[in-house]
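Biologist: I am new to this structure and would like to know how each label was earned. Please take me through the reasoning.

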Amino acid sequence: MDKVLAERPAHVPATRVVDFDIYNPPGDGRDFHAAWKTLHAAGVPDLVWTPHNGGHWIATRFKIINQVAADQGRFANRVNIVPKASGEKLRFIPANSDPPEHASYRMLFNSSFSPKSIRGLEDRIRGLAIKLIESFRKDGRCNFTTVYAEVFPIQIFLSMMELPNEDAPMLLRCAHKMFGATATETSVADSIQTLSNYLRPWVELRLGKGGNDLHSRLINGRINGRSLTTQEAAQVSLTALLGGLDTVSVSLGFFMLFLARNPSYRSELTANESTIPAAVEELFRRFPIAIMAREVKSDIDYDGVEMKQGEMVLWPAPLANLDDRVNERPMDIDFHRTFSEYVTFGAGAHKCVGQHLARTEMRITIEEWLKRIPEFAIEPGYEITCSGGCAASVASLPLVWDVASTRDYPLDEKKADLQVISAL
Ligand code: HEM
């Protein structure tokens, strides 16, 4: 993103400096997680500093990553992406808020995204998964990225927010321009402007009214006994929209890439559907996508170095989840792990509010896909590439399968699904 290298400040020891650009991680772009794992090489300290993207710290091991993400006393969320100049432009509620405001803003989201509320949406989510898979099953091929990963989570979210489905492509383009590898300060600012303009009429229509859609419930919640201002309502709307847009989409890409490459793991899940929830957890551990930051609140001594107020420190989820000090054989996938630690959804008070929705979407996709298309592979000859940035992604995932090996699950076998499908 930012090609100008920062000068090493005097308080940063030379032994802590690495050459690591999060927007262009090392390697040939084929394996995002292996690229990050290079920071676990022998001799790399647990806390390093890179001159890229304005110059910032990077925590490299689970223990420190977990502390940086969760310790609101020392590390603030005011800015949570690098370069800091881009992060300064973001004002998401609750993501960029700190104590004491954070807890009350967070309450706005909690009940709508609780496990119970998400369970109530399962039939709807399953209905859409079935509808999408059936729309291409008999073709024997699809570009998973464009016909499923980029459609499924967004349509669910837009339907929850009661926003028009046809707006999905524009919204997704904005999310890519904000969080993708090609993001620039200008593209981030442009996207925020576009999204704010898009949401303004909806906020004006719904603020202070009694609608029961997710959007109305979010912006008409009360904090500390008062209503939200129009500006707060706009920021809450933007956060909800962006949280649900890109994250599930890119995680789906990594999960399906793994399943396409690994028939024995697929067969295990097809033979025993009850393993799928544990498989989803393990895939979330192995393929985290978020590279987030915190801002140092005041000068501190930490891990044997001085950190100055205002400096940025990254807590990359891949380096925590793939740390062999906490997870045995971290690069292997094992659906039967009895213990694992991971921060795919963050840690502490800011831990992802959408995690139950995300888990449900992943589980239902795997269940409904494997029932119908148990055998599939990456299109022969296609070279997979991944993008870095604040949210990693598989650039494109063309899949192929033998139509004769697919299973016909007539839609009218599940009446509830049919009703939901026709409503979407
Ligand atoms: C696989 C999917 C997802 C992943 C990997 C993910 C990841 C994360 C992470 C790492 C954080 C913590 C950020 C921080 O501490 O600075 C977070 C926060 C958040 N996520 Fe997610 N997320 C996902 C899906 C969703 C969905 C579907 C929503 C729906 C709205 C959502 C909404 C949010 C919100 C509102 C926050 C801010 C919470 C707070 O600051 O208190 N996320 N997410």
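The turns below deal with the sheet, the iron site and some salt bridges.

Modeller: Keep in mind that this is a predicted model.

Biologist: What makes strand E1 and strand E3 edge strands?

Modeller: The open sheet has five strands in the order E1-E2-E10-E7-E3, with mixed pairing. Strand E1 (47-50) and strand E3 (75-76) each pair on one side only, and they are the edge strands.

Biologist: How do you know that E1 and E2 pair?

Modeller: Two strands pair if there are at least two bridges between them. E1 and E2 (residues 56-59) have four bridges, in the antiparallel sense. One of the bridge partnerships joins threonine 50 to histidine 56, which is in E2.

Biologist: Which helix packs on this sheet?

Modeller: Helix H2 (residues 62-70) does, touching E1, E2, E3, E7 and E10. The direction of H2 makes about 120° with that of E10.

Biologist: Why is Cys352 called a donor to the iron atom of the ligand?

Modeller: A sulfur atom counts as a donor within 2.8 Å of the metal. The SG atom of Cys352 is 2.3 Å away, so Cys352 qualifies, and the iron has this single donor from the protein. Cysteine 352 lies in the loop between helix H16 (317-321) and helix H17 (355-372).

Biologist: What makes aspartate 323 and arginine 61 a salt bridge?

Modeller: The cut-off is 4 Å between a side-chain nitrogen and a carboxyl oxygen. Here the N to O distance is 2.6 Å, so the pair counts. Aspartate 323 is in the loop between H16 and H17 and arginine 61 in the loop between E2 and H2, 262 residues apart.

Biologist: Why is aspartate 323 called buried?

Modeller: Buried means under 20% relative accessible area. Aspartate 323 has 2%, and arginine 61, at 10%, is buried too.

Biologist: Why are arginine 30 and aspartate 28 labelled partly exposed and exposed?

Modeller: The exposed label needs over 50%. Aspartate 28 has 57% and is therefore exposed, whereas arginine 30, at 45%, is partly exposed. Their side chains meet in a salt bridge at 3.5 Å, N to O.

Biologist: What does the salt bridge between glutamate 134 and arginine 372 tie together?

Modeller: Their side chains meet at 2.9 Å, N to O. Glutamate 134 lies in helix H6 (residues 122-136) and arginine 372 in H17, so the pair ties together parts 238 residues apart in sequence. Both residues are buried. Salt bridges with shared partners join them into one network that includes Glu122, Arg126 and Asp408.

Biologist: How many salt bridges are counted?

Modeller: The count comes to 30.

How values were computed: Residues are numbered from 1 along each chain as its sequence is written. This is a predicted model: local features need pLDDT of at least 70, side-chain atom pairs count only at pLDDT 80 or more; totals for chains, interfaces and linings use all residues. Side-chain values use heavy atoms; hydrogens and water are left out. Helices (H or I, at least four residues) and strands (E, at least two) are DSSP runs, numbered from the N terminus. Contact means heavy atoms within 4.5 Å. Axes are lines fitted to C-alpha atoms, for helices over the stretch in contact, and angles run from 0 to 180 degrees between N-to-C directions. Donors are N, O and S atoms within 2.8 Å of the metal (3.2 Å for Na, K and Ca); water is not among the atoms, so sites may look incomplete. Buried means under 20% relative accessible area, exposed over 50%, partly exposed in between (1.4 Å probe, protein chains only).
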